[in-house]
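Subject: Structure handover

Hello,

Here is the structure for you to look at. My notes follow below it.

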Amino acid sequence: AAAPAAAAWGRPSRFLSSAGGGVQLKTPEFGAESITEGTLQEFRAKVGDYIESGDIFAVIETDKVSVEVRAETSGVVSEILVALEDTVQVGQPLAVIQPGPRPAGSAAPAAAAEAPKA
């Protein structure tokens, strides 16, 4: 089967691009083939936040279930492609994450131990 086109979501095609080598975080399956869309209820990260793989990024509600959307890669959220209360389809991109380690300044204590002492 062919992948759904952007027009199927009623959204501009920019939701299908991943500018700057970022990784798209997409709406997951809702657990039943009959459930194909839900309403975005909550973001747990914003643009500029570092998120670990497995962290909850957002919560989507359907008429039957509440689904936690988890990051598939660690990195910085560079773009959010939908708004709260938007209806989102399974497979629809929600955000772009720029993969990489935690930025300096919020790094693990090991980085401080390597700094030269005065």
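Which backbone nitrogen does the side chain of Ser-74 reach? That of Ser-53, at 2.8 Å. Keep in mind that this is a predicted model.

**Around Ser-74**

Ser-74 sits in the loop between S5 and S6. Its side chain also makes a polar contact with the side chain of Glu-52, at 3.4 Å. Leaving aside residues up to four places away in sequence, Ser-74 touches Tyr-50, Ile-51, Glu-52, Ser-53, Ile-97, Gln-98, Pro-99 and Gly-100.

Gln-98, one of those contacts of Ser-74, belongs to strand S8 (residues 93–99). Its relative accessible area is 25%, so Gln-98 is partly exposed. The side chain of Gln-98 has a polar contact with the side chain of Ser-78, at 3.3 Å. Gly-48 is 50 residues from Gln-98 along the chain, yet their C-alpha atoms are separated by 9.9 Å.

**First sheet**

Now the strands. One open sheet has four strands, in the order S5-S4-S2-S7, with antiparallel pairing. Its edges are strand S5 (66–70) and strand S7 (87–89), and each of these pairs on one side only. Neighbouring strands in this sheet are turned by 45 degrees against each other on average, direction ignored.

Inside the sheet, strand S2 (residues 37–43) and strand S4 (residues 56–61) run antiparallel and are joined by four bridges. One pair to look for is Leu-40 with its bridge partner in S4, Ile-60.

S4 also pairs with S5, again in the antiparallel sense, over five bridges. A hairpin of four residues connects S4 to S5. Glu-61 stands opposite Ser-66 in S5.

S5 is worth viewing from both sides. In a regular strand, side chains alternate between the two faces of the sheet. On S5, Val-67 and Val-69 make up the covered face. Ser-66, Glu-68 and Arg-70 make up the uncovered one.

**Second sheet**

Another open sheet of four strands has the order S1-S8-S6-S3, and its pairing is antiparallel. Strand S1 (23–26) and strand S3 (50–51) are at the edges; each has a single partner strand, so one side of each has no neighbour in the sheet. Strand S6 (residues 75–80) and S8 run antiparallel, joined by five bridges. Across them, Ile-80 has Ala-95 in S8 as its bridge partner.

**Core**

Which residues of the largest nonpolar core touch the most other members? They are Leu-25, Ile-51, Phe-57, Ile-60, Val-69 and Leu-94, in a core of 18 residues. S4, S5 and S8 are the elements that give two or more residues to this core.

Two of these residues have already come up. Val-69 lies on the covered face of S5. Ile-60 is the S4 bridge partner of Leu-40.

Leu-94 is a good place to centre the view. Again leaving aside residues up to four places away in sequence, Leu-94 touches Leu-25, Lys-26, Thr-27, Ile-60, Val-69, Ile-80, Leu-81, Val-82 and Val-88. Leu-25, Ile-60 and Val-69 from the core list are among these contacts.

**Aromatic pair**

How many aromatic pairs are there in the whole structure? The search finds one. The partners are Phe-43 and Phe-57, in an edge-to-face arrangement. The centres are 5.6 Å apart, and the planes make an angle of 65 degrees. Phe-43 is in strand S2 and Phe-57 in strand S4, so the pair, 14 residues apart, links distant parts of the chain.

Are the two rings buried or exposed? Phe-57 is buried, because its relative accessible area is 0%. Phe-43 has 24% relative accessibility, so Phe-43 counts as partly exposed.

**A residue to check**

Please look at Glu-85 as well. Glu-85 lies in the loop between S6 and S7. Its phi is near 75 degrees, a positive value in a residue other than glycine. Most residues other than glycine have a negative phi. Glu-85 counts as exposed, because its relative accessibility is 52%.

Best wishes

Methods
Residues are numbered from 1 along each chain as its sequence is written. This is a predicted model: local features need pLDDT of at least 70, side-chain atom pairs count only at pLDDT 80 or more; totals for chains, interfaces and linings use all residues. Side-chain values use heavy atoms; hydrogens and water are left out. Two strands pair if DSSP finds at least two bridges between them. Axes are lines fitted to C-alpha atoms, for helices over the stretch in contact, and angles run from 0 to 180 degrees between N-to-C directions. Buried means under 20% relative accessible area, exposed over 50%, partly exposed in between (1.4 Å probe, protein chains only). A polar contact is a pair of N or O atoms within 3.5 Å; within protein, one must be able to donate a hydrogen and the other to accept it, and residues adjacent in sequence count only if both atoms are side-chain atoms. A nonpolar core is a set of buried Ala, Val, Leu, Ile, Met, Phe, Trp, Tyr and Cys residues joined through side-chain atoms within 4.5 Å. Contact means heavy atoms within 4.5 Å. Rings of Phe, Tyr and Trp (its six-membered ring) pair if their centres lie within 6.5 Å; planes under 30 degrees apart count as stacked, over 60 as edge-to-face and the rest as tilted.
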